[in-house]
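User: Can you walk me through this one? I'd like to go piece by piece.
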Amino acid sequence: MTTATGVRETTFRDAYREGIRDALIRDDATFLMGEDVGRYGGCFGVSKGLLEEFGPERVRDTPLSESGFVGAGIGAAMNGMRPIVEVMTVNFSLLALDQIMNNAASMLHMSGGQINVPVVIRMTTGAGRQLAAQHSHSLEGWYAHIPGIRVLAPGTLEDARGMLWTALQDPDPVLIFENGAMYPVSGPLPANAGPVEIDHAAVRRHGEDLSLITYGGSVPRAMLAAETLEEEGISAEVLDLRTLRPLDGAAILGTVARTHRALVVDEGWRSGSLAAEVSARIMEGAFYELEAPVARVCAAEVPIPFAQHLEQAAIPQPETIVAVARGLVRGDG
Amino acid sequence: MTSTLPTGRSGLDQWDGVLLLREMLRIRRFEERCVELYSASKIRGFMHLYIGEEAVATGVMQALRPQDAVVSTYREHGHALARGLDPKAIMAEMYGRVEGCSRGRGGSMHLFDADARFYGGNAIVAGGLPLAVGLALADSLRGRDVVTACFFGEGAVAEGEFHEAMNLAALWSLPVLFCCENNLYAMGTALGRSESQTDLTIKASSYEMSAWAVDGMDVLACADAAREAVELVRGGGGPCFLEFRTYRFRAHSMYDPELYRSKEEVAEWKTRDPLDALARRLREDGLLSDAGRDAMEREVEAEVDEAVAFAEAGTLEPVEDLTRFVYRRDVP
């Protein structure tokens, strides 16, 4: 529904679908491929209706062959197409890791700059839906370890709507991690929302006392935490990383230079996490700006459990963020 | 050991036998020189020789057009040479020089040439098959009259990616020619020790594609089979699978004591050397004189000499350029 001011209420699911539909309309080299993207309408309903509109060649159902169809997307990208490959969840993407790592990420370098791979691979990530230990992990940080790919994590409706087209224009492989728990979440999106840039982090909320540095599904949690903190008289800045590789190092150092305290919120496991990388960069580049050690709120180091109370205890919660932030600012943490 | 298959059905009138011999000789002599250079530490890293298998690449390439695509493995010197990659650029690549066909970033296992539509040089066994499916999918979607030839060894048949790719290619009726080079050993593991079904054409046939075995030691048989298969594929018949029964005369790589096979077995296969077989036939048929053969040897040797000289004179990529080609678009 669009209001007089050109803003409509929409869900992340619909925003993603709009981005895919837009890309299919704009470029006939683009096609969507993956398990149940067609007749089923997408495991999470993201591609509902697209088969009827674009036909089975451009909205292509695949067998359950992650390595096969991800590799096929890479090969098609090497040969002039701009495929969007959907992998149902990040856990399943491990079956295609050979293709992503050994081919997509390495091809340009290994071929001495001759062959680039303009493929986009989308997948759901994150916990919060009681899907247990094989459908709920957040492995973006792993992928962000790999040179040669771009790793995007939309945390807002604008980015859910707009990152795909820009990613498709990119000459390099781009992975987009869509937080599964956010698909039904709705919010306002400008009616004319379109492509967004994919190179920089974004300050989602300005503040003075500390920086909450986060991405993807933790962005709304950090925003909630920042609201609570404001009620307590603590002014929190929220930096949405948006692109996990290459990281926007300047934005990270910039926010720390403003607030002098940093709390990294990351739904990945703490050890060897993206949060660890962000912390290291702050230590390397902004050590003397800090008034307190960098803090982290990450997932507990367990496979994500099924029972709701355990699952929720395993992932970053606004209350935890608030508590750690409070300690960081007041020194009573 | 696999039994030998009948030799090629067609006569030499079907093919330019002298050209085929020259192509095989180019590969043989190039790699023999590579061994010398490896021993002299001019070439380093892993190096996998194609010696003994030259008939397969030589035969298959006869059936391809310039616009067709080739996906290969880490044992790809022969495919690259037969496909027409510049031997100078290949040798420079083995030397790690910037003049190499992958600017020294790939080495022996990752030869690439976008202009020749030669897509590597893939060193993950079976990892190239899904790529071939994708290349062919793009051609199919665009309505291009192009075939993708995908080479892999019989070891790839044990990988899931082999089965995923075979199924996708057949399901979507894609123009892929799957060229399985069955040299009987996946590194040191004999086919019978790794597969419950050692007739690989049965596996391929189960995906509803044409599949047959070819004497991979007979270049005429290889060329015949490739031509027939490519015609099927190009005519919209979907993918095709050829099992070339062949043998590598040398070790798996340069670090292989060959404990897994007997000297007698190797010696027996060497009696079926594809170069010797064709040379004998050309001489018997009066198509190549001893003088002609000598001249061919000299020409091929000159080509190899030139390649080595080019590599020796090659330069090193400046270390400042180490991180080039990680992304085509750098972040502003």
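**Helix packing, sheets and a few odd residues**

Analyst: Sure. In chain A, the axes of helix α3 (residues 66–77) and helix α5 (residues 97–104) come within 8 Å, crossing at roughly 30 degrees. Keep in mind that this is a predicted model.

User: What does that crossing angle make α3(A) and α5(A) relative to each other, parallel or antiparallel?

Analyst: Roughly parallel, since the crossing is at roughly 30 degrees and angles under 35 degrees count as roughly parallel.

User: And is the crossing of α3(A) and α5(A) left-handed or right-handed?

Analyst: α3(A) and α5(A) cross in a right-handed way.

User: Which residues meet there, between α3(A) and α5(A)?

Analyst: From α3(A) you have Ser67(A), Val70(A), Gly71(A) and Ile74(A), and they meet Asp98(A), Gln99(A), Ile100(A), Asn103(A) and Ala104(A) of α5(A). By class, this contact of α3(A) with α5(A) has four nonpolar residues, four polar and one charged.

User: OK, over to the two chains. How many residues does each of chain A and chain B put into the contact?

Analyst: Chain A gives 36 residues and chain B gives 37 residues.

User: Which helices of chain A each supply at least two residues to the side that touches chain B?

Analyst: α3, α5 and α6 (107–110) of chain A each do that. The largest share of that side of chain A comes from α3(A), with nine residues.

User: How does the side of chain A that touches chain B split by class?

Analyst: It has 13 nonpolar, 18 polar and five charged residues.

User: Let's switch to sheets. What order do the strands take in the seven-strand open sheet of chain A?

Analyst: The order is β3-β2-β4-β5-β7-β6-β12 in chain A, and the pairing is mixed. β3 (59–61) and β12 (243–245) of chain A are the edge strands, each pairing on one side only. From one strand to the next, the twist averages 25 degrees.

User: Does anything sit on it, and what does helix α1 of chain A touch?

Analyst: Helix α1 (residues 12–26) of chain A packs on the sheet and touches β2 (30–34), β4 (82–89) and β7 of chain A. The direction of α1 makes about 130 degrees with that of β2(A).

User: How many bridges join β5 and β7 of chain A?

Analyst: Six, with strand β5 (residues 120–125) and strand β7 (residues 174–179) of chain A running parallel. One of the pairs is Val120(A) with its bridge partner Val174(A) in β7(A).

User: Now β10 of chain A. Are its residues buried or exposed?

Analyst: Five of the five residues of strand β10 (residues 210–214) of chain A are buried, so the strand is largely enclosed by the rest of the structure. Both faces are covered, with Leu210(A), Leu212(A) and Thr214(A) on one side and Ser211(A) and Ile213(A) on the other.

User: And how does β10(A) pair with β11 of chain A, parallel or antiparallel?

Analyst: In the parallel sense, over five bridges, with β11 being residues 236–240 of chain A. Ile213(A) has Leu239(A) as its bridge partner in β11(A).

User: Chain B next. At what angle do α4(B) and α12(B) cross?

Analyst: Roughly 45 degrees, and the axes of helix α4 (residues 87–94) of chain B and α12(B) come within 8 Å. That makes α4(B) oblique to α12(B). The crossing is right-handed.

User: Which residues of α4(B) and α12(B) meet?

Analyst: Pro87(B), Lys88(B), Met91(B), Ala92(B) and Met94(B) of α4(B) meet Glu303(B), Glu306(B), Ala307(B), Val308(B), Phe310(B) and Ala311(B) of α12(B). The residues of this contact of α4(B) with α12(B) come out as eight nonpolar, no polar and three charged.

User: Where is Glu297(B)?

Analyst: In helix α12 (residues 290–312) of chain B. Glu297(B) counts as partly exposed because it has 13 C-beta neighbours inside 10 Å. From Glu297(B) to Tyr327(B) is 30 residues in sequence and 44 Å in space, C-alpha to C-alpha.

User: Last topic, backbone oddities. Is the peptide bond from Arg245(A) to Pro246(A) cis or trans?

Analyst: Cis, with omega near -10 degrees. Pro246(A) lies in the loop between β12 and α10 (249–259) of chain A.

User: What about phi for Asp36(A) and Arg103(B)?

Analyst: Asp36(A) has a positive phi of about 60 degrees although it is not a glycine, and Arg103(B), also not a glycine, has a positive phi of about 55 degrees. Asp36(A) is in the loop between β2 and α2 (50–54) of chain A, while Arg103(B) is in the loop between α4 and β2 (118–122) of chain B.

User: Why does Arg103(B) count as buried?

Analyst: Because Arg103(B) has 24 C-beta neighbours inside 10 Å. Asp36(A) has 16 C-beta neighbours inside 10 Å, so it counts as partly exposed.

Note on methods
Residues numbered from 1 in each chain as written. Chains lettered and ligands numbered in written order. Predicted model: local features only at pLDDT ≥ 70, side-chain atom pairs only at ≥ 80, totals over all residues. Axes fitted to C-alpha atoms, helices over the stretch in contact; angles between N-to-C directions. Helix = DSSP H or I, 4+ residues; strand = E, 2+ residues; numbered from the N terminus. Left-handed = near helix turned anticlockwise from the far one by under 90°. Contact = placed C-beta atoms within 7 Å. Nonpolar A, V, L, I, M, F, W, Y, C, P; charged D, E, K, R; others polar. Buried ≥ 20, exposed ≤ 12 C-beta atoms within 10 Å, placed from the backbone. Pairing = 2+ DSSP bridges. Parallel < 35°, antiparallel > 145°, perpendicular 65-115°, else oblique.
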